[in-house]
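Colleague: I've got a model open and I'd like to learn how to read it. Could you walk me through it, feature by feature?

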Amino acid sequence: MNHALKTARNQGLISCHSCHLLCRRGDAGAVMTCPRCGTRLHSRKPNSIHRTWALVLAAMIFYIPANVLPITTVISLGKGQSDTIMSGVIYFIYSGMWPIALVIFVASVFVPLLKLILLCFLLITVQRKSMWRQKDRTRLYRITEIIGRWSMVDIFVVTILVALVNLGALASIQAGPGAVFFCAVVIITMFAAMSFDPRLIWDTEESIDE
Amino acid sequence: MQSLIACHECDLIQRLPHIHDAGTVQCIRCGAVLHQKKRNSIERTLALTVAGLILFSLANSFPFLAFKLEAQVRQTTLLTGIKELHAQQMPELAVIVLLTTVLVPLGQMLCMLYILLPLKFNIVPLGLPRVFRWVRHLQPWSMMEVFMLGILVSVVKLAKMAKIVPGIALFSFLALIFVLAAMSASLDSHLVWEKWEEKR
């Protein structure tokens with residue numbers, strides 16, 4: 001069925017990723033810009049697969065310190081108590097605030113993991129030139145693109161707590177090193193999702209060398 | 001050639017049907033949204049941008065939460081939180097929070113204003129393609145709605161510890177996230193490119 005379908009690439013055209021104008025592809029190797037908006041043209045995002053793999057692996061490495069190191073330290077009457085992401089979730093469950101526990105668990109633990117797993121899955125299926133349920137895989141890609149930003153919620157909570165609970169010796173909250181690693185995981189996975197080109201999912205009949 | 005378009009998600013070439021009034025065109029193969037047309041797109045987006053800028057200045061000049069513990073009261077604006085992170089040797093976090101909740105949303109609204117206000121009067125602003133590209137690149141990094149969820153979580157977290165009083169800025173924040181979402185949804189980028197091509 002795919003033989004009959006015309007894509008910009010097999011027709012010698014390039015769609016401008018900024019203004020979506022269809023442009024004629026020039027000589028291979030030449031730098032081309034869109035005649036309408038001046039953006040550099042690429043048939044596919046450059047080095048999409050390698051770049052995405054590199055970012056996914058970096059995020060996986062940072063995911064470990066993000067979960068092991070404390071993200072906040074509560075100092076109350078001279079005593080300090082450090083919390084990691086998971087211990088924060090467990091604290092909420094024990095104090096009966098399970099909706100909040102659920103929000104934090106989904107945003108900080110489940111979403112980053114899900115995103116990494118989905119990106120690995122998409123990368124592997126693209127590299128194997130799989131033709132399996134392309135439409136659903138494109139949908140999975142859209143999900144990874146949308147959900148990533150919501151993981152930042154924990155970082156914002158830390159910011160607000162640090163600003164509000166600052167009463168000297170009585171009670172204060174400090175941000176921990178885990179927060180920096182966690183923030184890095186969120187940002188790196190967002191870049192990973194951006195560098196993946198969903199058109200590769202549909203490029204099963206052509207070579208994926210770009 | 002004009003009405004032909006390649007889907008940005010699956011590269012399929014298809015004819016873009018003409019939309020008279022308002023509607024959405026989806027890719028026939030992968031379902032990606034190819035074109036979204038709104039009535040009075042430019043005027044509507046411009047109005048929402050101006051509303052957004054007003055709400056943004058309110059949200060950043062007043063405290064959004066106050067924290068009462070015994071005799072002590074602490075109020076916080078968005079910027080004090082960022083300063084506190086910086087003071088605690090967390091400059092990386094301070095920069096990220098500053099970017100995602102202050103600078104990027106502000107930059108996005110200013111870019112929109114720069115493009116849409118002249119277009120409203122049929123003038124094409126200098127460097128439109130570049131500025132319009134910035135708007136698109138900034139989009140994922142504007143995290144106002146995520147910050148709002150963060151406020152809710154912190155309120156619940158602190159409610160046991162002390163009394164939490166919502167401030168004016170909290171309501172501005174709430175309104176702002178809806179205005180920002182509507183602003184992005186009402187923009188018809190094809191229309192902007194068409195105008196650019198006409199006037200060039």
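**Reading the fold and the chain contacts**

Modeller: Let's start with chain A, where residues 24 or more positions apart account for 63% of the contacts with a separation of 6 or more. Keep in mind that this is a predicted model.

Colleague: Noted. What order do the elements of chain A follow from the N terminus on?

Modeller: Reading from that end, they run β-β-α-β-β-α-α-α-α-β-α-α. That gives chain A 7 helices and 5 strands.

Colleague: And how does the radius of gyration of chain A sit against the globule rule?

Modeller: The rule gives 17 Å for 210 residues, and chain A comes out at 22 Å, well over that, so the chain is more spread out than a compact globule. You can set that beside the C-alpha trace, which spans about 70 × 35 × 25 Å along its principal axes. As for burial, 42% of the 210 residues in chain A are buried.

Colleague: Next, the interface. How many residues of each chain are in contact?

Modeller: In general, the size of an interface is often given as the accessible area lost when the parts come together. Here we count residues instead: 50 of chain A are in contact with 47 of chain B. On the chain A side, the elements that give two or more residues are β1 (13-15), α3 (98-127), α4 (134-147), α5 (153-164), β5 (171-175), α6 (177-195) and α7 (199-202). The biggest giver to that side is α5(A), with 10 residues. By class, the chain A side has 32 nonpolar, 12 polar and 6 charged residues.

Colleague: Then let's look at α5(A). Why can I trust its length as a helix of 12 residues?

Modeller: Compare the expected span with the actual one. At 1.5 Å a residue, 12 residues should span 16 Å, and the end C-alpha atoms of α5(A) are 16 Å apart, so the two agree.

Colleague: Is α5(A) mostly covered or mostly open?

Modeller: Mostly covered, with 12 of its 12 residues buried. Among them are V153(A), D154(A), F156(A) and T159(A).

Colleague: Can we take one residue, I160(A), and ask why it counts as buried?

Modeller: The cut-off is 20 or more other C-beta atoms within 10 Å. I160(A) has 26 C-beta neighbours inside 10 Å, so it counts as buried. This residue sits in helix α5 of chain A. Leaving out residues up to four places away in sequence, I160(A) touches G81(B), G150(B), I151(B) and S154(B). By contrast with those contacts, the C-alpha atoms of I160(A) and M190(A), 30 residues apart along the chain, are separated by 23 Å.

Colleague: At what angle do α5(A) and α2 of chain B pack?

Modeller: About 90°, with the axes 8 Å apart; α2 there covers residues 78-87. Angles of 65 to 115 degrees count as roughly perpendicular, and therefore α5(A) and α2(B) get that label. From α5(A), the contact uses T159(A), I160(A), V162(A) and A163(A), while α2(B) brings T80(B), G81(B), I82(B), E84(B) and L85(B). By class, this contact has 5 nonpolar, 3 polar and 1 charged residues.

Colleague: One more from chain B: why does P118(B) count as partly exposed?

Modeller: P118(B) has 16 C-beta neighbours inside 10 Å, so it counts as partly exposed. It lies in helix α3 (residues 91-120) of chain B. Again leaving out residues up to four places away in sequence, P118(B) touches I123(B), V124(B) and P125(B).

Methods. Residues are numbered from 1 along each chain as its sequence is written. Chains are lettered from A and ligands numbered from 1 in the order in which they are written. This is a predicted model: local features need pLDDT of at least 70, side-chain atom pairs count only at pLDDT 80 or more; totals for chains, interfaces and linings use all residues. Two residues are in contact if their C-beta atoms, placed from the backbone, lie within 7 Å. Helices (H or I, at least four residues) and strands (E, at least two) are DSSP runs, numbered from the N terminus. Ala, Val, Leu, Ile, Met, Phe, Trp, Tyr, Cys and Pro count as nonpolar, Asp, Glu, Lys and Arg as charged, and the others, Gly among them, as polar. The radius of gyration is taken over C-alpha atoms; the globule rule is 2.2 Å times the number of residues to the power 0.38. The expected span of a helix is 1.5 Å times one less than its number of residues. Axes are lines fitted to C-alpha atoms, for helices over the stretch in contact, and angles run from 0 to 180 degrees between N-to-C directions. Angles under 35 degrees count as roughly parallel, over 145 as roughly antiparallel, 65 to 115 as roughly perpendicular and the rest as oblique.
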